[in-house]
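Q: I am new to this structure, and I would like to learn how its features can be read one by one. Could you take me through them?

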Amino acid sequence: MEQWLESVYSDGTECFVSNPQPALYETVTIRIRMYEDAPVRHVLLRTIPNGAEHLTEMTEEKRENGLVYYAVPLKITENRMQYQFYLVCDSVIYYYTQKEITTYIPDHTYDFVLLADYTQPAWVKGSVFYQIFPERFCNGNPDWSVKNGEYQMNGHDTIQMNWEDRPLQYEQGFCMDFFGGDLEGVRQKISYLKKLGVTAVYLNPIFEAPSVHKYDCIDYFHVDPHFGGDEALEQLSAELHANGMKLILDISINHTGTAHRWFNRDGLYFDKSEGAYNNPDSKERGYYFFEPGTNKYLGWFDVPDLPVLNYTSDALREIIYRGEDSVLKKWLKAPYSIDGWRFDVADVFARNNEFQLAHELWPEIQKSIREENPQAYILAEDWGDCAGYLQGHEWDSPMNYYGCGRVIRQFLGEQDLFNMRNEFLREVPYKMTAEDVQARVMEHLSKLPYVMWENQFNLIDSHDVSRVHNDPNVNPEEYRGGVILQFMLIGAPSIYYGDEAAVDGWIENNEGCRFPMPWSKDIEATDAYQLYHTLAHLKTEQKALSKGGMKFLYARDYIVSLARFYEQEAYIAVTSVNTEDREIILPIGSIGASDIEATDVFGKPLTYRKADDKRIALQVPAHQAYLIRCI
């Protein structure tokens with residue numbers, strides 16, 4: 001294609017849509033830009049009001065920094081307004097969607113989309129999240145800690161560990177090895193988090209449960225006493241908010257533990273007169289899937305310890321999310337006032353063979369949550385393509401493994417997180433290319449309304465996957481480049497506790513990514529801390545990274561360059577996983593820049609030359625990564 005096409009750009013930010021969150025029947029202005037010397041005769045906006053194609057000519061609005069802007073008014077007559085751009089040249093028409101430019105008329109899959117009356121959790125796009133596995137973060141009150149043999153689960157006693165110990169393998173500890181982390185410990189480290197640049201905390205489950213991970217909940221209505229109980233959450237939430245920080249909690253409403261008050265299989269915590277398992281006539285019996293006339297029940301992925309909840313029950317819907325005193329509403333209300341929910345295994349929630357209720361329930365759940373807090377964030381666990389849930393009336397974001405974590409990890413040389421589970425797939429040593437990275441990221445984002453791009457929860461590590469920096473096969477400098485890419489992607493980056501401290505661990509199983517936070521270490525002196533500290537503050541302080549547009553400037557072989565920009569401010573990331581030095585051409589003119597600073601934001605000197613008035617030629621050593629400020 002012609003070189004000027006590299007400059008064609010529009011998005012859903014306020015720079016290109018006068019109101020990115022319009023009301024129904026409001027008129028907004030749509031803009032697009034390109035090089036001033038682009039050989040374009042006409043620019044048309046193609047919409048499909050009431051299902052029929054409509055073309056409107058756009059008019060030149062202004063010229064700035066070598067770019068020409070075209071604009072046109074658009075009345076929002078439907079809840080979902082889709083559009084494309086037609087660029088009319090002498091001998092060809094180019095068609096521009098969120099995904100790409102083609103010379104054929106594309107379908108509607110990747111259209112630009114505006115949602116009428118959607119309430120975006122606006123705080124998310126400028127946030128830096130910090131994910132905490134509470135049991136391993138900080139022991140703030142040793143009196144609350146689980147003691148040796150304090151209780152038993154599935155025949156296994158609790159084990160009290162020392163903070164400097166290594167976690168036990170599952171076959172040794174059975175997720176019953178406790179280090180004593182609690183909510184008071186999190187509260188005591190708020191100043192540390194704030195200095196790092198964190199603006200939002202995501203806590204793995206804190207509700208009462210017997211295991212270390214607490215996804216086997218026994219009571220949704222109370223914080224585990226070993227974490228400090230309800231009062232500790234109240235205090236933590238108040239202090240986070242006083243420091244301008246948000247708080248989201250993790251919950252599984254897909255299943256409970258067998259010891260849950262509603263199920264109560266073995267009577268470990270509640271009298272056997274309570275619960276579904278021992279009382280076929282109890283109201284809670286309808287909360288689960290039992291075979292008629294038996295005590296055989298459905299477990300999540302056939303795991304008997306995790307009985308699946310049955311949402312054909314109206315009573316269950318009422319107590320989980322509908323009622324004023326429901327689980328989800330309780331913690332959104334004062335005095336806890338949390339700012340959102342992360343939903344465990346949301347991809348399989350309410351999807352049980354003949355009972356496919358997910359797309360019925362999620363809009364109800366969103367409505368209930370928004371009634372309590374219009375700015376609450378709805379974050380859902382899904383590791384794959386979940387565009388169907390991200391159209392404005394169900395989730396705000398997935399845990400973005402698909403468009404971030406899985407992509408960056410594979411680009412750094414790891415096997416894809418799904419493929420490595422299969423004996424046939426993990427044998428193939430394919431290394432993801434830069435072209436793959438761009439295609440995968442844009443394929444994920446381009447099916448979504450732009451406001452959903454800004455909601456994305458971008459992660460590399462989590463409690464469910466090994467830490468990349470613990471993988472001996474990943475080059476440390478390339479890992480650094482992967483983190484830069486994570487922070488440059490549109491949406492909100494998430495730091496998994498301890499990544500900024502280069503916490504120890506192994507990569508073979510989940511126990512290896514749940515080491516205690518190394519507070520005895522001089523964390524702030526580490527290269528990892530300086531990396532995350534710099535990126536976190538740039539993310540929250542620079543409009544280009546918090547609310548700007550995003551564009552791939554280069555993706556070839558094993559070098560990726562990604563730009564973020566807002567008005568006159570622009571940053572460029574360059575990440576190489578190449579084994580050889582390369583010179584790459586960056587079209588900085590396409591983002592309105594004319595030059596770059598001589599060193600990157602980390603102080604690394606840059607070697608480059610002007611290729612022409614719109615492009616620079618940058619020398620990129622093997623395995624190197626830069627974050628460049630444009631001027």
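The dialogue below goes through pockets, nonpolar cores, ring pairs and charges over rings.

A: Before we start, please keep in mind that this is a predicted model.

Q: How much space lies in the largest pocket, and which residues lie nearest its centre?

A: A pocket can be read first by its volume and then by its lining. Here the largest pocket holds about 1300 Å³ of space, and among the 41 residues that line it, His 213, Trp 300, Asp 464, Asn 510 and Arg 514 lie nearest its centre. When the lining is divided by class, it has 18 nonpolar, 10 polar and 13 charged residues.

Q: What is the volume of the second largest pocket, and which element gives the largest share of its lining?

A: The second largest pocket has a volume of about 970 Å³, and its lining is made up of 31 residues, with Leu 5, Glu 6, Gln 438, Lys 551 and Phe 552 closest to the centre. Strand 26 gives the largest share of that lining, 7 residues, while helix 9 (434–445) and helix 10 (450–453) each supply at least two. By class, the lining of this second pocket comprises 18 nonpolar, 5 polar and 8 charged residues.

Q: How many residues does the largest nonpolar core have, and which have the most contacts inside it?

A: The largest nonpolar core has 188 residues, and those with the most contacts inside it are Trp 4, Met 34, Tyr 130, Trp 341 and Phe 343. A second core, separate from that one, has 17 residues, including Phe 129 and Trp 383.

Q: How many aromatic pairs are there, and why is the pair of Phe 85 and Phe 112 edge-to-face?

A: The structure holds 49 aromatic pairs. Planes over 60 degrees apart count as edge-to-face, and the planes of Phe 85 and Phe 112 are at 80°, with ring centres 5.4 Å apart, so this pair is edge-to-face. Because Phe 85 lies in strand 6 and Phe 112 in strand 9, the pair ties together parts that are 27 residues apart in sequence. Phe 85 is buried, at a relative accessible area of 0%, and Phe 112 also counts as buried, at 3%.

Q: Which residues do ring pairs link into a cluster?

A: Ring pairs link a cluster that includes Phe 207, Tyr 311, Trp 331, Trp 341 and Phe 343.

Q: Where does the charged end of Arg 285 sit?

A: The charged end of Arg 285 sits over the ring of Phe 290, 3.7 Å from its centre, and Lys 99 lies over the face of Tyr 110, at 5.2 Å from the ring centre.

Methods:
Residues are numbered from 1 along each chain as its sequence is written. This is a predicted model: local features need pLDDT of at least 70, side-chain atom pairs count only at pLDDT 80 or more; totals for chains, interfaces and linings use all residues. Side-chain values use heavy atoms; hydrogens and water are left out. On a 1 Å grid over the protein atoms alone, a cavity is a set of points where a 1.4 Å probe fits but cannot get out, and a pocket is an open set with protein on both sides within 12 Å along at least five of seven lines; lining residues have an atom within 4 Å of a point. Grid points are joined across faces, edges and corners, and a volume is the space filled by probe spheres set on the points. Ala, Val, Leu, Ile, Met, Phe, Trp, Tyr, Cys and Pro count as nonpolar, Asp, Glu, Lys and Arg as charged, and the others, Gly among them, as polar. Helices (H or I, at least four residues) and strands (E, at least two) are DSSP runs, numbered from the N terminus. A nonpolar core is a set of buried Ala, Val, Leu, Ile, Met, Phe, Trp, Tyr and Cys residues joined through side-chain atoms within 4.5 Å. Buried means under 20% relative accessible area, exposed over 50%, partly exposed in between (1.4 Å probe, protein chains only). Rings of Phe, Tyr and Trp (its six-membered ring) pair if their centres lie within 6.5 Å; planes under 30 degrees apart count as stacked, over 60 as edge-to-face and the rest as tilted. A charge sits over a ring if NZ of Lys or CZ of Arg is within 6 Å of the ring centre and within 35 degrees of the ring normal.
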